[in-house]
Amino acid sequence: MSQDKEPRRRFLRQVLAIVPATTLATGATLTQPACSSQSAAPAASGQAYEPKYFTADEWRFVNAAVDRLIPADDLGPGALQADVPKFIDGQMETPFGHGKLWYMQGPFHTDQPPEMGYQLSLVPRDIYRHGIAACDAHCKTQYNKAFADLDHATQEAVLGDLEHAKIEFDAVPARTFFSYLLANTKEGFLSDPIHGGNKDMIGWKLVGFPGARADFMDWADQPNVKYPYGPVSISGKRG
């Protein structure tokens, strides 16, 4: 994980700046019809969410990891409050999670540059399964505890080692696992709530994104002027 000390708000604004607004509002690149009969939507209000893909131990890891990637602070709620774990779990049951969006027939040449496309035989849901197991095994060897049981400082150190490939896994490259974890955490924090994350439009409120409002062009040519209205989800819910 980066050692950059910039405030979280600036970090999220930078993320938002490089993601097309239509992607944030619609989630078009994130969610398509599920590959299984299980829905990727979150549980009904008032019910405890039961993960559809992750095991109990994997679920503990995901919750602990996203809490370190986008923690709650004095600027506002973080990934846990935005239901990012639910979003990631739901994505494991979509074409993305099953690798249906890519050519997966091989041959796989992992020594090729990124421009040659995805070169692993693992689909995203398998990257998570192998990556979490390997990371927990590493933590138990180094600290005698699973990742979720470590203190926050140690968790952040482990995530930083994953990001910079200072840890080696057998089944999946540690950096690849971290890149999916980080990217999906950002997506769950900033995509439309209909996809299971960004609860109550927490992420949009933090960065001042208007969401799926039909018309906000009157404000497009007013730089540095705060947009006065709350965001709106595709579902019509107002934040």
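**Figure 1. Surroundings of W102 in the loop between helix 4 and helix 5.** In this predicted model, W102 belongs to the loop that runs between helix 4 and helix 5, and with a relative accessible area of 28% it is partly exposed. Not counting residues up to four places away in sequence, W102 touches F96, Y118, P124 and Y180. One of these partners, Y118, stands 16 residues from W102 in sequence, while the C-alpha atoms of W102 and Y118 are 7.9 Å apart in space.

**Figure 2. The salt bridge between R125 and E93.** Side chains of opposite charge can pair when their charged atoms come close. The closest N and O atoms of R125 and E93 are 3.5 Å apart, and the two residues form a salt bridge. R125 lies in helix 5 and E93 in the loop between helix 4 (84-91) and helix 5, so the pair ties together parts of the chain that are 32 residues apart in sequence. Both R125 and E93 are buried.

**Figure 3. The salt bridge between R68 and E156, and the network that includes both residues.** The side chains of R68 and E156 meet in a salt bridge with an N to O distance of 2.8 Å. Because R68 lies in helix 3 and E156 in helix 6, this pair ties together parts that are 88 residues apart in sequence. R68 is buried, with a relative accessible area of 10%, whereas E156, at 30% relative accessibility, counts as partly exposed. Salt bridges that share partners join D67, R68 and E156 into one network.

**Figure 4. The salt bridge between R60 and D149.** Here the side chains of R60 and D149 meet in a salt bridge at 2.4 Å, taken from N to O. The pair links distant parts of the chain, with R60 in helix 3 (residues 56-69) and D149, 89 residues apart from it, in the loop between helix 5 (124-143) and helix 6 (152-163). R60 is partly exposed, with a relative accessible area of 36%, and D149 also counts as partly exposed, at 41% relative accessibility. In the protein as a whole, the count of salt bridges comes to seven.

**Figure 5. The second largest pocket and the residues that line it.** Rolling a probe the size of a water molecule over the atoms shows where empty space is left. The second largest pocket holds about 460 Å³ of space, and its lining is made up of 21 residues, of which G208, F209, V225, K226 and Y227 lie nearest the centre of the pocket. The elements that give two or more residues to this lining are helix 1 (8-17) and helix 8 (202-207), and helix 8 gives the most, with four residues. Sorted by class, the lining has 13 nonpolar residues, together with four polar and four charged ones.

**Figure 6. The protein that surrounds these close-up views, with its eight helices.** The predicted model has eight helices and zero strands, which, read along the sequence, follow the pattern α-α-α-α-α-α-α-α. Of the 239 residues of the protein, 43% count as buried, and the protein exposes about 12800 Å², of which carbon and sulfur atoms supply 51%. Among the contacts in the protein with a separation of 6 or more, 64% are accounted for by residues 24 or more positions apart.

Conventions: Residues are numbered from 1 along each chain as its sequence is written. This is a predicted model: local features need pLDDT of at least 70, side-chain atom pairs count only at pLDDT 80 or more; totals for chains, interfaces and linings use all residues. Side-chain values use heavy atoms; hydrogens and water are left out. On a 1 Å grid over the protein atoms alone, a cavity is a set of points where a 1.4 Å probe fits but cannot get out, and a pocket is an open set with protein on both sides within 12 Å along at least five of seven lines; lining residues have an atom within 4 Å of a point. Grid points are joined across faces, edges and corners, and a volume is the space filled by probe spheres set on the points. Ala, Val, Leu, Ile, Met, Phe, Trp, Tyr, Cys and Pro count as nonpolar, Asp, Glu, Lys and Arg as charged, and the others, Gly among them, as polar. Buried means under 20% relative accessible area, exposed over 50%, partly exposed in between (1.4 Å probe, protein chains only). Contact means heavy atoms within 4.5 Å. Accessible areas come from the Shrake-Rupley method with a 1.4 Å probe; for residues, only the protein chains shown count as cover. A salt bridge is a side-chain nitrogen of Lys or Arg within 4 Å of a carboxyl oxygen of Asp or Glu.
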